[in-house]
Amino acid sequence: MSRTLTWIDFFSSDAGRTCAEWEIAAFSAISRTMSGVRAVQIGCPAINALTGCAIAHQILVSEDVPASRESDIRAPVIAHPEAIPLAAECSDLIVWPHGLDSCSDKAACLAEIERVLAPNGILIASFLNAAGPWSMRRRLLRGSSVLPSPSSLVSVGEAKSLIAASSLVIEGGRFGVYTVNPDARPEEPRPVNSLRPTWLDKAGDRWWPTLGNMAVLIARKRTAGMTLIGKAAFGPNAARSGKRALAHRQSISKEKA
C-alpha cells in the first residue's frame with residue numbers, strides 16, 4: 001500500500017519541485033512586464049508566484065503562517081481564500097497557484113477574487129491538469145500516484161467554465177511539465193526559467209500540449225463602459241477622441257476667429 005502524499009510532501013518530491021519551478025517561470029514570464037499598484041498571491045506559500053513581478057507592493061494571502069526569506073517581499077495576510085480582508089478592486093494582479101485543484105469551494109474563491117480584482121486586472125491561475133499523465137496514472141493504477149491528496153483535479157475545460165462563471169474573460173494560457181525533471185531546484189536562488197526541458201517536455205510541447213501535467217490560465221476582469229446615445233452621441237456636440245477630437249477643436253477655434 002502506497003503512502004498518501006500531502007501537499008507539503010508533494011513539493012518536496014521530484015515531481016513537486018518540477019511543477020514549482022515551471023510555475024515560477026510561467027508566472028514570471030507573464031507578470032514581469034505588468035504595471036500596477038498591488039499584486040496579490042492567494043494560497044500555496046511554498047511557491048513564490050510573484051518572483052520577478054514588476055509590481056512592488058506584493059501581498060501573500062494564506063491560511064498558514066508562511067516561512068519568511070530575506071528575498072521574499074510579500075506581506076503575509078492570514079485569511080481564508082473565501083474571505084480575503086482586502087478592499088474591493090484594490091489589486092491589479094492576482095496569482096492563484098493550485099487553487100483550482102486544492103480549494104474545496106472554487107466558486108466562492110473565484111467570486112472573492114473577482115471582488116478584489118481591479119477593473120482590467122489580471123488573474124493567473126495554475127493547476128494540475130486532470131488530463132495529464134500523472135492524473136491518468138492515478139485513475140488507472142490505484143494506489144500508485146505522485147500527486148498529493150486531498151486534491152480535486154480539474155480539466156482545462158472545467159477550469160475555463162469556472163473562471164467564466166465568475167465574470168472573468170479568459171485571454172490565454174499554457175501547458176507544461178510532461179515528466180519529472182531531476183534538475184529542478186526552485187528553492188535555490190538562480191535565474192528564473194533556467195530549468196532545461198527534457199526530451200519528453202520538448203516532444204509534448206510540440207505534439208500533445210494539452211496533455212501536460214500542469215496548466216496555467218490567464219483571465220481579465222472586463223467592465224462595461226459607458227456608451228453615449230441620442231443627442232450626446234450624434235448631435236453637433238458629440239464627444240470625439242484622438243485625431244477626430246483634435247480636428248474638431250481646431251475647426252471650432254477657426255470658426256470663432
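What follows is a chat about strand β5, a surface patch and some aromatic rings in a predicted model.

Trainee: Before we start, what should I keep in mind about this model?
Mentor: It is a predicted model, in which local features need pLDDT of at least 70 and side-chain atom pairs count only at pLDDT 80 or more, while totals for chains, interfaces and linings use all residues. Residues are numbered from 1 along each chain as its sequence is written, and side-chain values use heavy atoms, with hydrogens and water left out.

Trainee: OK, is strand β5 mostly covered or mostly open?
Mentor: Strand β5, residues 117-128, is mostly covered, with ten of its twelve residues buried; buried means under 20% relative accessible area, exposed over 50%, and partly exposed in between, with a 1.4 Å probe and protein chains only. Strands here are DSSP runs of E with at least two residues, helices are runs of H or I with at least four, and both are numbered from the N terminus.

Trainee: Which strands pair with β5?
Mentor: Strand β4, residues 91-97, pairs with β5 in the parallel sense over six bridges, and strand β7, residues 214-221, pairs with β5 in the antiparallel sense over seven bridges, where pairing requires that DSSP finds at least two bridges between the strands.

Trainee: Which residues are the bridge partners of Trp96 and Ser126?
Mentor: Trp96 has Ala125 in β5 as its bridge partner, and Ser126 has Val216 in β7.

Trainee: And what do β4, α3 and β5 make?
Mentor: Together with helix α3, residues 106-116, the two strands make a right-handed β-α-β unit; right-handed means that, with the strands pointing away from the viewer, the path from the first strand over the helix to the second runs clockwise.

Trainee: Switching to aromatics, how many pairs are there?
Mentor: The count comes to three aromatic pairs, taking rings of Phe, Tyr and Trp (its six-membered ring) whose centres lie within 6.5 Å, with planes under 30 degrees apart called stacked, over 60 edge-to-face and the rest tilted. One of them is Trp7 with Phe10, edge-to-face at 5.9 Å centre to centre and 85° between the planes.

Trainee: Why are those two about one helical turn apart?
Mentor: Because Trp7 and Phe10 are three residues apart in helix α1, residues 7-12, about one helical turn separates them. Phe10 also forms an edge-to-face pair with Phe11, at 5.3 Å centre to centre and 65° between the planes.

Trainee: Are these rings buried or exposed?
Mentor: Trp7 and Phe10 are both buried, as is Phe11, and ring pairs link Trp7, Phe10 and Phe11 into a cluster.
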